[in-house]
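Welcome to a short walk through a protein chain. Have the sequence and the 3D view open side by side, and follow along from the inside outwards.

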Amino acid sequence: MKYLIVGLGNIGPEYADTRHNIGFMVLDELVKQEKEKFYSMRHAYYAEVPYKGRTLHLIKPTTYMNLSGKALNHWMKELKVPVENVLVIVDDIALPLGTLRLKPKGSAAGHNGLKHIEATLGNNEYARLRFGVGDNYPKGRQVDYVLSGFDKDELPELPALIDRSIEMVKSFCTIGTELTMTKFNK
């Protein structure tokens, strides 16, 4: 069984540890834990992780956030992965930091990466792991907020949240969306 796990983010050192790059951060840690590595491939940094008889194809799109659908679509077709085996890891300002929520499908909720994926696929029928980054920003400063780093008081929470996200990714690939939601969504 093949799974395509897409961590959303932006390439470049200026975006490395920003809230918007939490998808990249989760996949970086997963690859590190599994002693694998990313390779620069078409439209993405790509890694493969074998897990319990399955192959997890991990991509970090190099198309920048607003064109994420281009990379996802290419790799879905290249690997022949059905949409029900696709999971997108995305930052979510509607959820407080510490909240991780798996959803089988849903709206883009104003997120440009998800909007482009939806437009490219022509549907929103893909699972997403929403990683809460909070909404502690003044009106009109949303872009600055998501493109900034986590606050000092938030940093100690990140490793455990990233590890929990990895558990959720692995669970999605083994027991499916519904059971993973029951087990992890609070």
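Which residues have the most contacts inside the largest nonpolar core? In this predicted model, they are Ile5, Ile22, Leu58, Leu87, Leu129, Phe131 and Val169, and the core as a whole has 36 residues. Helix α5, spanning residues 158-184, gives the most to this core, with nine residues. Apart from it lies another core, of 20 residues, with Val88, Ala108, Ile117 and Tyr126 among them. In soluble globular proteins, nonpolar side chains tend to be buried together.

Ile5 is a good place to look around the larger neighbourhood. Leaving aside its neighbours within four places in sequence, Ile5 is in contact with Leu27, His57, Leu58, Ile59, Leu87, Ile89, Val169 and Cys173. Among these partners, Leu58, Leu87 and Val169 also appear in the list of residues with the most contacts inside the core.

Now turn to helix α5, where Ser165 is found. With a relative accessible area of 0%, Ser165 counts as buried, because the cut-off for that is under 20%. Outside its neighbours within four places in sequence, Ser165 is in contact with Val26, Leu100, Leu129 and Phe131. Two of these, Leu129 and Phe131, were named above for their contacts inside the largest core. Ser165 and Arg101 are 64 residues apart along the chain, yet their C-alpha atoms are separated by 9.2 Å.

Next comes the largest pocket, which holds about 490 Å³ of space. It is lined by 26 residues, and the closest to its centre are His20, Gly110, His111, Asn112 and Gln142. Several elements share in the lining: β5 (86-92), α3 (112-121), β7 (127-132) and α4 (142-146) each supply at least two residues.

What does UniProt list for His20? The unreviewed entry gives this residue as "active site". His20 lies in the loop between β1 (2-7) and α1 (22-33). Is His20 buried or exposed? At a relative accessible area of 12%, His20 is buried. The side chain of His20 makes a polar contact with the side chain of Asp91, at 3.0 Å. Asp91 is also one of the residues in contact with His20 beyond four places in sequence, along with Leu8, Gly9, Asn10, Met65, His111, Val146 and Leu147. Of these, His111 is likewise listed among the residues closest to the pocket centre.

For "binding site", the unreviewed UniProt entry lists Tyr15, Tyr64, Asn66 and Asn112. Of these residues, Tyr64, Asn66 and Asn112 are included in the lining of the largest pocket. The two asparagines make a handy pair to inspect. Asn66 lies in the loop between β4 (54-61) and α2 (68-79), while Asn112 is found in helix α3. Not counting residues up to four places away in sequence, Asn66 touches Asn112 and His116, and Asn112 touches Met65 and Asn66.

Here are the accessibility values for the residues discussed, gathered in one place.

| Residue | Relative accessibility | Class |
|---|---|---|
| Ser165 | 0% | buried |
| His20 | 12% | buried |
| Asn112 | 37% | partly exposed |
| Asn66 | 45% | partly exposed |

To close the tour, return to the pocket with both annotations in mind: His20, from the "active site" record, and Asn112, from the "binding site" record, are among the residues closest to the pocket centre.

Notes:
Residues are numbered from 1 along each chain as its sequence is written. This is a predicted model: local features need pLDDT of at least 70, side-chain atom pairs count only at pLDDT 80 or more; totals for chains, interfaces and linings use all residues. Side-chain values use heavy atoms; hydrogens and water are left out. A nonpolar core is a set of buried Ala, Val, Leu, Ile, Met, Phe, Trp, Tyr and Cys residues joined through side-chain atoms within 4.5 Å. Buried means under 20% relative accessible area, exposed over 50%, partly exposed in between (1.4 Å probe, protein chains only). Helices (H or I, at least four residues) and strands (E, at least two) are DSSP runs, numbered from the N terminus. Contact means heavy atoms within 4.5 Å. UniProt positions are given in the numbering used here, feature names are shortened, and annotations may be inferred rather than shown by experiment. A polar contact is a pair of N or O atoms within 3.5 Å; within protein, one must be able to donate a hydrogen and the other to accept it, and residues adjacent in sequence count only if both atoms are side-chain atoms. On a 1 Å grid over the protein atoms alone, a cavity is a set of points where a 1.4 Å probe fits but cannot get out, and a pocket is an open set with protein on both sides within 12 Å along at least five of seven lines; lining residues have an atom within 4 Å of a point. Grid points are joined across faces, edges and corners, and a volume is the space filled by probe spheres set on the points.
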